Amino acid sequence: MIVCFGGENGFQDMDSLAISEDVIRSFFNEADAIFSKRIDNPEDSVDQMMNSIQNICLEAIENLDGILIATTNLAGNFCDEAFARRFIFKVEFSTPEAETRTKIWKSMIAAITDDDACELGRSYAFSGGNIENIARKAAVGYVLSGEKASLADLRKYCDEESLSGNCKRARIGF
């Protein structure tokens, strides 16, 4: 049995997947980084190396006798036809609807009122990951100030998360 996980954290064991032990399985998170469109005329060694890695991956996928699951939130970058045709099933998960977002807000921030969760769920078309980021900011704010985030605070965090507001982000680093 071969078990591997490729993604932003490198390769890790995936024994937690409930799949028969005699199946070879692979899981690639952030797959667009590897399975993106190959460069037609690579001009430098980095581009050449990336194309070589992609060719090795294509051959490995072709010879895989098992299950390959690849995930990405940048499906537009996942466009090399040679990779795309090797995936039999392609499933797209869209951003949750307002009612679902409201439930996510409630699950992420225990102190949020039903009205505030509903307001945020209707106003911001976030994914669960975006809402989780905002909940983390609210938690950090609570640790630093001792005060729970108000609706105004949460809206500010939402604007920062979406980068669509006119808020000015503090520069970090150099």
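This passage walks through the fold of the protein chain, its helix packing and a handful of individual residues. The model is a predicted one.

To start with the overall layout, the protein chain is built from six helices and three strands. Going along the sequence, these elements come in the order β-β-α-β-α-α-α-α-α. The chain has 174 residues, and 25% of them count as buried. Its accessible surface adds up to about 12200 Å², with carbon and sulfur atoms supplying 52% of that area. As for how the chain folds back on itself, take the contacts with a separation of 6 or more: 50% of these join residues that are 24 or more positions apart.

Helix packing comes next, beginning with H3 and H4. Helix H3 covers residues 98–108 and helix H4 covers residues 114–123; their axes come within 8 Å and cross at roughly 130 degrees. That angle falls outside the ranges for roughly parallel, roughly antiparallel and roughly perpendicular pairs, so H3 and H4 are oblique to each other. The crossing of H3 over H4 is right-handed. On the H3 side, the contact draws on Ala-98, Arg-101, Thr-102, Trp-105 and Lys-106, while H4 puts in Asp-114, Ala-117, Cys-118, Leu-120, Gly-121 and Arg-122. Sorted by class, the residues of this H3–H4 contact come out as five nonpolar, two polar and four charged.

H3 also packs against helix H5, which spans residues 128–145; here the angle is about 35 degrees and the axes lie 10 Å apart. This crossing, too, is described as right-handed. From H3, the residues involved are Arg-101, Ile-104, Trp-105 and Met-108, and they meet Gly-128, Ile-131, Glu-132, Ile-134 and Ala-135 of H5. The contact of H3 with H5 has six nonpolar residues, one polar and two charged.

Arg-101 turns up in the H3 lists for both H4 and H5, and it is worth a look of its own. This H3 residue has a relative accessibility of 8%, which is under the 20% cut-off, so Arg-101 counts as buried. Beyond the residues up to four places away in sequence, Arg-101 touches Thr-95, Pro-96, Gly-121, Arg-122, Tyr-124, Ala-125, Phe-126 and Ile-131. One of these partners, Arg-122, is 21 residues away from Arg-101 in sequence, with 7.9 Å between the two C-alpha atoms.

H4 has a further helix partner in H6, which runs over residues 151–162; the two pack at about 20 degrees, with axes 11 Å apart. Since angles under 35 degrees count as roughly parallel, that label applies to H4 and H6. H4 passes H6 in a crossing that is right-handed. Asp-116, Glu-119 and Leu-120 of H4 make this contact with Leu-151, Leu-154, Arg-155 and Cys-158 of H6. The mix here is four nonpolar and three charged residues, with no polar ones.

Back towards the N terminus, helix H1 (residues 45–63) holds Ile-53 and Gln-54. These sequence neighbours fall into separate accessibility classes: Ile-53 is partly exposed at 33% relative accessibility, whereas Gln-54 is buried, with a relative accessible area of 1%. Outside its neighbours within four places in sequence, Gln-54 is in contact with Ile-34, Phe-35, Ser-36, Lys-37, Arg-38 and Phe-83. Ile-34 comes up for Ile-53 as well: the two are 19 residues apart in sequence, and their C-alpha atoms are 7.8 Å apart in space.

The loop between strand S2 (24–28) and H1 contains Glu-30, and Asn-29 sits in that loop as well. What stands out for Glu-30 is its phi, which is near 55 degrees, a positive value in a residue other than glycine. Glu-30 counts as partly exposed, at 28% relative accessibility. Asn-29, at 22%, is also partly exposed, because the buried class stops under 20%. Asn-29 and Asn-73 are 44 residues apart along the chain, and their C-alpha atoms are separated by 9.5 Å.

Key:
Residues are numbered from 1 along each chain as its sequence is written. This is a predicted model: local features need pLDDT of at least 70, side-chain atom pairs count only at pLDDT 80 or more; totals for chains, interfaces and linings use all residues. Side-chain values use heavy atoms; hydrogens and water are left out. Helices (H or I, at least four residues) and strands (E, at least two) are DSSP runs, numbered from the N terminus. Buried means under 20% relative accessible area, exposed over 50%, partly exposed in between (1.4 Å probe, protein chains only). Contact means heavy atoms within 4.5 Å. Accessible areas come from the Shrake-Rupley method with a 1.4 Å probe; for residues, only the protein chains shown count as cover. Axes are lines fitted to C-alpha atoms, for helices over the stretch in contact, and angles run from 0 to 180 degrees between N-to-C directions. Angles under 35 degrees count as roughly parallel, over 145 as roughly antiparallel, 65 to 115 as roughly perpendicular and the rest as oblique. A crossing is left-handed if the near helix is turned anticlockwise from the far one by less than a right angle, and right-handed if clockwise. Ala, Val, Leu, Ile, Met, Phe, Trp, Tyr, Cys and Pro count as nonpolar, Asp, Glu, Lys and Arg as charged, and the others, Gly among them, as polar.
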